[in-house]
Amino acid sequence: MPVASDADGLGQAEDGDLPINELFCSLQGEGRLAGVPSVFVRTSGCNLRCWFCDSYHTSWEPSGEWQCVEEIVAAVEEYDADHVVLTGGEPLVHDASVDLLDALDGRGYHTTVETNGTIFREAPIDLASVSPKLATSTPTAERDPKGEGEWADRHEDRRLDVPTLAALVDAYETQLKFVVTGPEDMAEIERLVSRVRDAADTPLHDQQVLLMPEGQTRTELETTRSVVADLALEYGYRYTPRLHVDLWNDAPGT
């Protein structure tokens, strides 16, 4: 299947370069490694368009600077952290993400890749943090932040790929991290988890399924946090905070 980056507006790149939207050091805010000091390398370009995307300038309006792997690694090494999070956008749309992961692995970094689970790459990934997109993510006309739903069909067609999700579970230590808007999402989550379990050879345990409240600000999280925590208790899955939002609200570089 061809990979569509949809990274319009970034100009031409040299072979092996990556479009870097931002690179910074902070605490991991989500998932099983929440609270761990980490360097975040955020690429631009995504094959989906979630209406609630918290990195708008990597998807809806991709922006960034093309950099070679050596430049990126040098910038990572300026920080005193041994965990690196490769995120986006969707970092796995870019062939050079594998080169970057190889280089980071060679220097002893623990690597987490934040991915939507629609693309598989063979690479040294210590933790595949997979966030499958639910039906509530589709940018319908009434939710589209940029237009009138022009992306809805493409997003809906691409947002789930069960064989790819199963391949990630089989190849890597994996967490499935779902953005939850409310109880109405749980039936879809249950169905998808069951389908992935059926398709994968490796067991997918309940503790690997994480429920995360939707919200980009503290105010938004106040309305979803307790609801999602209760759902995690009810279904036996793991709750994950959005620690960076709790600490710094929606400040950039966090």
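The following paragraphs describe two helix pairs and one buried threonine in a predicted model.

The account begins with helices H2 and H3. Helix H2 spans residues 69–76 and helix H3 spans residues 96–106; the two pack at an angle of about 45°, and their axes lie 10 Å apart. H2 and H3 are therefore oblique to each other. Their crossing is right-handed. On the H2 side, the contact involves Val-69, Ile-72, Val-73 and Val-76, which meet Ala-96, Asp-99, Leu-100, Ala-103 and Leu-104 of H3. By character, the residues of this contact comprise 8 nonpolar, no polar and 1 charged.

Further along the chain, helix H5 (residues 162–171) packs with helix H6 (residues 186–199) at an angle of about 65°, with 9 Å between their axes. The crossing of H5 and H6 is right-handed. H5 contributes Val-162, Leu-165, Ala-166 and Val-169 to the contact, while H6 contributes Leu-192, Arg-195, Val-196 and Ala-199. The residues of the contact of H5 with H6 divide into 7 nonpolar, no polar and 1 charged.

The final site is Thr-240, located in the loop that runs between strand S9 (238–239) and helix H8 (243–248). Thr-240 has a relative accessibility of 1% and so counts as buried, the cut-off for that class being under 20%. Leaving aside residues up to four places away in sequence, Thr-240 touches Glu-30, Gly-31, Lys-177, Leu-210, Leu-211, Met-212 and Pro-213. With regard to Gly-31, its backbone nitrogen lies 2.6 Å from a polar atom of the Thr-240 side chain.

Conventions: Residues are numbered from 1 along each chain as its sequence is written. This is a predicted model: local features need pLDDT of at least 70, side-chain atom pairs count only at pLDDT 80 or more; totals for chains, interfaces and linings use all residues. Side-chain values use heavy atoms; hydrogens and water are left out. Axes are lines fitted to C-alpha atoms, for helices over the stretch in contact, and angles run from 0 to 180 degrees between N-to-C directions. Helices (H or I, at least four residues) and strands (E, at least two) are DSSP runs, numbered from the N terminus. A crossing is left-handed if the near helix is turned anticlockwise from the far one by less than a right angle, and right-handed if clockwise. Contact means heavy atoms within 4.5 Å. Ala, Val, Leu, Ile, Met, Phe, Trp, Tyr, Cys and Pro count as nonpolar, Asp, Glu, Lys and Arg as charged, and the others, Gly among them, as polar. Angles under 35 degrees count as roughly parallel, over 145 as roughly antiparallel, 65 to 115 as roughly perpendicular and the rest as oblique. Buried means under 20% relative accessible area, exposed over 50%, partly exposed in between (1.4 Å probe, protein chains only). A polar contact is a pair of N or O atoms within 3.5 Å; within protein, one must be able to donate a hydrogen and the other to accept it, and residues adjacent in sequence count only if both atoms are side-chain atoms.
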